[in-house]
Amino acid sequence: MTWDEAIDHAASEFKRIQTKYGRDSIGGITSSRCTNEETYLVQKLVRAAFRNNNVDTCARVCHSPTGYGLKTTFGTSAGTQDFKSVAEADVIVVIGANPTDAHPVFASRMKRRLREGARLIVIDPRKIDLVKTPHVKADYHLQLLPGTNVAIINAMAHVIVTEGLVNEAYVRERCELPDFESWARFIADERHSPEAVEKLTGVPAADVRAAARLYATGGNGAIYYGLGVTEHSQGSTMVMGMANLAMATGNIGRIGVGINPLRGQNNVQGACDMGSFPHEFPGYRHVSDDATRHTFEALWGLELSAEPGLRIPNMLDEAVAGNFKASTCRARTSRSPIPIRSTSPLASRRWNVWSCRTSS
């Protein structure tokens, strides 16, 4: 069979299934190992050819709290720095991630900077390699109990607010003052102090205070986090808590700082950017928004659905129920060379921040 014959057969089968079972009986799944261009084409195929929004990706599952948390605080769902930014960091905070095992290429950059003298704070229940490895030793390992991420980040924020370590100039220039003041009053409550949450987190209050002071005063502070943050019920709240910590100390908007998610696959960010979600077009614009939808309708020359589509678990449920009949998937093998998608530093915007307060 030639490629043309194979493509014609697949297309005709999709058409046959939709004719027999309805427009929503088929969909697509993208891979976070694919390039931006490939992912964009799959979601366009689903929306423009299948005429529904049944497209999803693993990126929504592993880092949807990143998307929601960063969009709420910064207005964009992307991490704030590219990977080479770590070369300018003075204090590196690693939360819920094991870079040496899961992200070895980036970890080599990070360890190089640590060997050059950058300070390190590890927040993780495990004693990962970075806590102590040849020529690298963490200044503080906050070995918190599982599920207490928000409590520990609020405790660090409490120290920064109550000890006068807030970067007041940055806050006045770049943040919404009424929202910041509301958050500061909330976080200054004694129930968020390191001493108050010590029994909850299992981390000595003195260590939390020392780590918070180092992050606030040690120069360029960069936070790197992984699925140990996002794959929790409080994942979105934790992402917002880290963003609040960065804004309070002015560690956002230049090289060497920021809130930096370490993704589960090499192009999770690109998969999200390109519109692999059943409820969002490329650029994180909701399918129900008329203006957004009209923009894509004009570009693609056809009418698009305003109804969010099926997520992967919904596709499986509907398949078991006999309603979902076929799916197109775009995947990559581990041997395929895929460029890493990274984002540029955010340098000169005024954040709409502090709108979602964190709590323990």
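Helix α1 has an outward face: turned away from its buried side, α1 carries the exposed residues D4, D8, K15, T19 and K20. Keep in mind as you look that this is a predicted model.

And what about the other side of the helix? The buried residues of α1 are F14, I17 and Q18. These three cover an arc of only 100 degrees around the axis, so they lie on the same side of α1. A general rule helps here: an α-helix has 3.6 residues a turn, so residues three or four places apart point the same way. Among the elements that cover the buried residues of α1 are β1 (26–30), α2 (36–49) and β12 (326–329).

You can also check the length of α1. Its 19 residues (3–21) should span 27 Å at 1.5 Å a residue, and the end C-alpha atoms are 27 Å apart, so the two values agree. Just after α1 comes G22, with a positive phi of about 110 degrees. The ring of Y21 has company too: the charged end of K325 sits over this ring, 4.5 Å from its centre.

Now turn to strand β8 (residues 221–225). How many of its residues are buried? Five of the five are, so to speak, under cover. From β8, G221, I223 and Y225 point one way, while A222 and Y224 point the other way, and all are buried.

Strand β8 pairs with two strands, listed here with one bridge partner of Y225 in each.

| Strand paired with β8 | Sense | Bridges | Partner of Y225 |
|---|---|---|---|
| β3 (residues 91–95) | parallel | five | I95 |
| β9 (residues 258–261) | parallel | four | P261 |

Residue Y225 therefore makes a handy landmark when you trace these strands: its bridge partner in β9 is P261, and I95 is also a bridge partner of Y225.

Finally, look at the aromatic rings. The model has seven aromatic pairs. Why does the pair of F281 and F296 count as stacked? The ring centres are 4.7 Å apart and the planes meet at 20 degrees, and planes under 30 degrees apart count as stacked. This pair links distant parts of the chain, since F281 is in strand β10 (residues 280–281) and F296 is in helix α14 (residues 290–300), 15 residues apart.

Are these two residues buried or exposed? F281 is buried, at 0% relative accessibility, and F296 is buried as well, with a relative accessible area of 4%. Both belong to a cluster in which ring pairs link Y40, F281, F296 and W300.

Key. Residues numbered from 1 in each chain as written. Predicted model: local features only at pLDDT ≥ 70, side-chain atom pairs only at ≥ 80, totals over all residues. Heavy atoms only, no water. Phe/Tyr/Trp six-rings, centres within 6.5 Å; stacked < 30°, edge-to-face > 60°. Helix = DSSP H or I, 4+ residues; strand = E, 2+ residues; numbered from the N terminus. Buried < 20%, exposed > 50% of the residue type's maximum accessible area, 1.4 Å probe, protein only. Lys NZ or Arg CZ within 6 Å of the ring centre and 35° of its normal. Pairing = 2+ DSSP bridges. Expected span 1.5 Å × (residues − 1). Arc of directions from axis to C-beta. Contact = heavy atoms within 4.5 Å.
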